[in-house]
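Please work through the following exercises on helix packing and residue burial. Each task is followed by a stepwise solution.

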Amino acid sequence: MSVARGVGGPATESGPRGWTSGTVVLSATVSLAAFLVFPLVQSRRRYPLLDSWLFRDRRRTMALLAAFLTATSYFSVVLVMSLYLQTLEHLDALSAGFQVMLMAVGSMLTSPLAGHLSTRCPARTLASAGTATSALGIALLALALGPPAPAGLTGLGLFLTGAGAGLFGVPNTDALLSLVPAYRRGIANGVRSLLQNTGYLISTVLTLTLVTGHGQSGEGRGTTPSALDLNSSPEALAGRYQTALVALFCLCLAATAASLLRGSALPPEPPPARTAPPDRPGPGKSARTEGTE
């Protein structure tokens, strides 16, 4: 809850208060300061909540960064497109949901394929191809919201966005866990999950801020950040949806760059001695008597 308030507070309060409000500025400053200080504090702890050792290797760092950026880029595509289909295409919620479900279909089809290919292709190649596919899908969606586009472009964009996400997840996670000892994989996977969930949160806040038009100081005062002005012209609404999709597209390109910059696969770096598992007594010895002989 505290993470959600820290990340989403400035953006959600910008609607009723405006970006120049003292409350919004103070909240953003405190959140940024806490974000910068937290890793420094954790690096000095013997048993940290966030193990800084994971970020001392470029391959692990880029795998985690790619997971964060990918989650941030594709998560809110469902939100943007469901709003677009209902407000501008005038579909009911059920019909819009069935169309947006193409993302899930794409992910469901490519995830098993990614698991099969991960034993034959380098994780760097496969994961980067996944993020690039998602970026292509988001770009097609942005084009579909503009002037009259070919029929089926929206469905193709949704399918490619989901297919890329499914293609990315398995090899990226497998590459990350292969770079840590077996007894530390739970920690690494927990950090990956934390970053992905944070990406989902930031994606939602960013998208709602762009779609509802609260990016300008004072605009939308007196309304909630999630309120969409349906009295706007169709061109204005479509422009806001396109702006949100372009932002998500840029994040997806950044995820592709992070995935490519991870480097080649090499043996994992040994962890610090202080985090090594405790020695276990050999057969016929107890922890109390071992070492007293």
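The exercises below concern a predicted model.

**Exercise 1.** Determine how helix α3 is oriented relative to helix α10, and characterise their contact.

*Solution.*
Step 1. Two packed helices are described by the angle between their axes and the distance between the axes.
Step 2. For α3 (residues 58-74) and α10 (residues 234-260), the angle is about 165 degrees and the axes lie 8 Å apart. Since angles over 145 degrees count as roughly antiparallel, α3 is roughly antiparallel to α10.
Step 3. The crossing of α3 past α10 is left-handed.
Step 4. On the α3 side, the contact involves M62, L65, A66, L69, T70, T72 and S73. Their partners in α10 are L248, L251, C252, A254, A255, A258 and S259. By class, this contact comprises 10 nonpolar and 4 polar residues, with no charged ones.

**Exercise 2.** Establish whether T131 is buried or exposed, and identify its contacts beyond four places in sequence.

*Solution.*
Step 1. T131 belongs to helix α7, which spans residues 123-144.
Step 2. Its relative accessibility is 1%. Buried means under 20%, so T131 counts as buried.
Step 3. With neighbours within four places in sequence set aside, T131 contacts T70, G164, F168, C252, A255 and T256. Among them, T70, C252 and A255 also take part in the contact of α3 with α10.

**Exercise 3.** Classify C121 and C252 by accessibility, and state how many disulfides the structure contains.

*Solution.*
Step 1. C121 has a relative accessible area of 31% and is therefore partly exposed.
Step 2. C252, at 1%, is buried.
Step 3. A search of the whole structure gives 0 disulfides.

Notes: Residues are numbered from 1 along each chain as its sequence is written. This is a predicted model: local features need pLDDT of at least 70, side-chain atom pairs count only at pLDDT 80 or more; totals for chains, interfaces and linings use all residues. Side-chain values use heavy atoms; hydrogens and water are left out. Axes are lines fitted to C-alpha atoms, for helices over the stretch in contact, and angles run from 0 to 180 degrees between N-to-C directions. Helices (H or I, at least four residues) and strands (E, at least two) are DSSP runs, numbered from the N terminus. Angles under 35 degrees count as roughly parallel, over 145 as roughly antiparallel, 65 to 115 as roughly perpendicular and the rest as oblique. A crossing is left-handed if the near helix is turned anticlockwise from the far one by less than a right angle, and right-handed if clockwise. Contact means heavy atoms within 4.5 Å. Ala, Val, Leu, Ile, Met, Phe, Trp, Tyr, Cys and Pro count as nonpolar, Asp, Glu, Lys and Arg as charged, and the others, Gly among them, as polar. Buried means under 20% relative accessible area, exposed over 50%, partly exposed in between (1.4 Å probe, protein chains only). A disulfide is a pair of cysteine sulfur atoms within 2.5 Å.
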